[in-house]
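Reader: I am new to this structure and would like to know how its labels are earned. Could you take me through a few of them?

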Amino acid sequence: MKNLLLMRHASTADKLPGQADHDRELTLFGERQAGEAGLWLKSHQLVPELVLCSTAVRTQMTAHSLLSNIGQPMQVQLERSIYEDSEEDLKHLIQHTEEEVDTLLVIAHNPSISALASQLTHDRLSFNQGNIMWLQFPGFSWSGLRSGTCRFHLAFEG
């Protein structure tokens with residue numbers, strides 16, 4: 001059984017004049033929200049072995065605040081494609097995760113993260129900023145991840 005943790009970045013500041021969307025930062029509330037998400041993961045013994053994270057500033061800040069409250073070092077893999085990709089591309093990225101990874105956290109953006117969660121579970125799932133959906137995948141290898149193969153287990157609503 002694999003644990004797939006899908007997270008939308010925490011609460012983000014409005015875009016400043018001339019600022020690229022990719023460079024938007026978290027608000028103070030967003031930093032606290034991401035930290036609470038880390039405590040939630042730790043309390044449910046869901047320490048990811050790998051974090052796939054968009055290169056956007058807000059997702060990296062989310063990962064930093066979240067991981068600082070877990071208190072264990074883990075591998076964070078920054079992926080520019082997560083910022084730009086569709087749910088199909090995200091699924092493809094997950095399918096290429098090493099088999100040894102049993103708990104995977106993906107920190108991404110809407111609408112693709114909501115579309116992916118809905119596709120994998122055949123449920124209508126949507127993410128507010130800072131939410132985590134815990135999906136369980138019964139396969140032994142991420143390569144077997146397909147539409148409808150996951151079961152929604154629990155959510156953190158930050």
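Author: Happily! A residue is called buried when its relative accessible area is under 20%, exposed when that area is over 50%, and partly exposed in between. Please keep in mind that this is a predicted model. In helix H2, the buried residues are Arg58, Thr59, Thr62, Ala63, Ser65, Leu66, Leu67 and Ile70.

Reader: Why is arginine 58 called buried?

Author: Its relative accessibility is 5%, and buried means under 20%, so arginine 58 counts as buried.

Reader: What makes valine 57 count as buried, exposed or partly exposed?

Author: Valine 57 is found in H2 too. Its relative accessibility is 25%, which lies between the cut-offs of 20% and 50%, so valine 57 counts as partly exposed. Leaving aside residues up to four places away in sequence, valine 57 touches His22, Asp23, Arg24 and Glu25.

Reader: How do you know that the span of H2 agrees with what is expected?

Author: At 1.5 Å a residue, the 14 residues of H2 should span 20 Å, and the end C-alpha atoms are 20 Å apart, so the two agree. After the helix comes glycine 71, with a positive phi near 80°.

Reader: Why is the contact between arginine 58 and aspartate 21 called a salt bridge?

Author: A salt bridge needs a side-chain nitrogen of Lys or Arg within 4 Å of a carboxyl oxygen of Asp or Glu. For arginine 58 and aspartate 21 the N to O distance is 3.0 Å, so the pair qualifies. This pair links distant parts of the chain, 37 residues apart: arginine 58 sits in H2, and aspartate 21 in the loop between S1 and helix H1.

Reader: What makes Asp21, Arg24 and Arg58 one network?

Author: Shared partners do. Arginine 24 also forms a salt bridge with aspartate 21, with the closest N and O atoms 2.8 Å apart. Arginine 24 is buried at 16% relative accessibility, whereas aspartate 21 is partly exposed at 26%.

Reader: Why do strands S3 and S6 count as edges of the sheet?

Author: The six strands follow the order S3-S2-S4-S1-S5-S6 in an open sheet with mixed pairing. S3 (75–79) and S6 (151–156) each have a single partner strand, so one side of each is left without a neighbour in the sheet.

Reader: And how do you know that S1 and S5 pair?

Author: Pairing takes at least two bridges. S1 and S5 share six, in the antiparallel sense, so they count as paired. Asparagine 3 stands opposite glutamine 136 in S5.

Conventions:
Residues are numbered from 1 along each chain as its sequence is written. This is a predicted model: local features need pLDDT of at least 70, side-chain atom pairs count only at pLDDT 80 or more; totals for chains, interfaces and linings use all residues. Side-chain values use heavy atoms; hydrogens and water are left out. Helices (H or I, at least four residues) and strands (E, at least two) are DSSP runs, numbered from the N terminus. The expected span of a helix is 1.5 Å times one less than its number of residues. Buried means under 20% relative accessible area, exposed over 50%, partly exposed in between (1.4 Å probe, protein chains only). Contact means heavy atoms within 4.5 Å.
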